[in-house]
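Me: I should like to go through the terms used to describe a structure and ask what justifies each of them.

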Amino acid sequence: MVQISENYRRIRSQLPPEVRIVAAAKNRTADEVAEVIEAGASIIGENYVQEAERLLGSMSGKLPGKAELHLIGHLQRNKVNKALANFDMIQSLDSLSLARAINRRIQEGSEALRALVQINVAGEESKSGITPEELNGFLFELSQLRHIKVMGLMTMEPYCENPERARPYFRKMRELFFGASKLQIPGVKMHTLSMGMTNSYAVAVEEGANMVRIGTAIFGPR
Ligand SMILES: *Cc1c(COP(=O)(O)O)cnc(C)c1O
């Protein structure tokens, strides 16, 4: 437990202040999550709706303090209602049909859902996300959906033992991010570039990430 706070504080102190950290909490206990929030973490990432429900269920319905819960895994359309009930942001918006399903289920007058568009930057079979070529068109479509507020982009780069080999993918993401922000699409913001995990976050930040998602380096190996 002490380890978790120490890990979080060490990583926090090594990163520039404008880089936000998502503590990627897959399969961690509520105690472990409470510990990292206590150490200062303000964003917790979960991969599954069910995991979020389990976590919040053991925390009286919400995370302590002002911590936010972000969905960082693929969302199935039949789980949209539950996702809306549990997450403050979805970082894995990866299709127009999902976006439309979300948009339909948010009631008039309630807050829009903040979302990042997930990009499959290397076109890997095993990963979800739109292709880089689809991005601009996708953003124009999303700008029509009033209940979704696009805040930026997210990617899960191909795993590379040597993170230097992931650098070109991060660089590509930065180009997409700046390209999209130049379009100035109404209602679409390019504030957040979420990329980099335990073995790659340092390189990702060098290439422009302002949000990193870290699991193992905070909570220890699974
Ligand atoms: C698990 C996960 C992470 C964190 O991975 P680590 O290598 O443990 O830091 C980041 N993003 C996503 C989408 C994940 O599923």
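The exchange below takes up helix packing, strand pairing and two loop residues in turn.

Me: Before the details, what kind of model is this?

Reply: This is a predicted model.

Me: Why are helices H5 and H6 called roughly parallel to each other?

Reply: The axes of H5 (residues 96–105) and H6 (residues 135–142) cross at roughly 15°. Angles under 35 degrees count as roughly parallel, and H5 and H6 are therefore given that description. Their axes come within 11 Å, and H5 passes H6 in a right-handed crossing.

Me: Which residues make the contact of H5 with H6, and what are their classes?

Reply: H5 contributes Leu96, Ala99 and Arg100, while H6 contributes Phe138, Glu141 and Leu142. By class, four are nonpolar, two are charged and none is polar.

Me: What makes the pair H6 and H7 oblique?

Reply: The axes of H6 and H7 cross at roughly 45°. That value lies outside the ranges for roughly parallel (under 35 degrees), roughly perpendicular (65 to 115) and roughly antiparallel (over 145), and the rest count as oblique. H6 and H7 are therefore oblique to each other. The crossing is right-handed, with the axes coming within 10 Å.

Me: Which residues of H6 and H7 make this contact?

Reply: On H6 they are Leu135, Asn136, Leu139 and Phe140, and on H7 they are Leu176, Ala180 and Leu183. The contact has six nonpolar residues, one polar residue and no charged residues.

Me: How do you know that strands S4 and S5 pair?

Reply: Pairing requires at least two bridges, and S4 (residues 89–93) and S5 are joined by three, in the parallel sense. Ile90, for instance, has Ala115 of S5 as its bridge partner.

Me: What makes S5 mostly covered?

Reply: Of the seven residues in S5 (residues 113–119), six are buried; a residue is buried at under 20% relative accessible area.

Me: Why does Asn27 count as exposed?

Reply: Its relative accessibility is 52%, and exposed means over 50%; Asn27 therefore counts as exposed. Asn27 lies in the loop between strand S1 (20–24) and helix H2 (30–38). Asn27 is not a glycine, yet has a positive phi of about 60°.

Me: Why is Gln184 also called exposed?

Reply: At 67% relative accessibility, Gln184 passes the 50% limit and therefore counts as exposed. Gln184 sits in the loop between helix H7 (167–183) and strand S7 (188–194). Although not a glycine, Gln184 has a positive phi of about 50°.

Note on methods:
Residues numbered from 1 in each chain as written. Predicted model: local features only at pLDDT ≥ 70, side-chain atom pairs only at ≥ 80, totals over all residues. Heavy atoms only, no water. Axes fitted to C-alpha atoms, helices over the stretch in contact; angles between N-to-C directions. Helix = DSSP H or I, 4+ residues; strand = E, 2+ residues; numbered from the N terminus. Left-handed = near helix turned anticlockwise from the far one by under 90°. Contact = heavy atoms within 4.5 Å. Nonpolar A, V, L, I, M, F, W, Y, C, P; charged D, E, K, R; others polar. Buried < 20%, exposed > 50% of the residue type's maximum accessible area, 1.4 Å probe, protein only.
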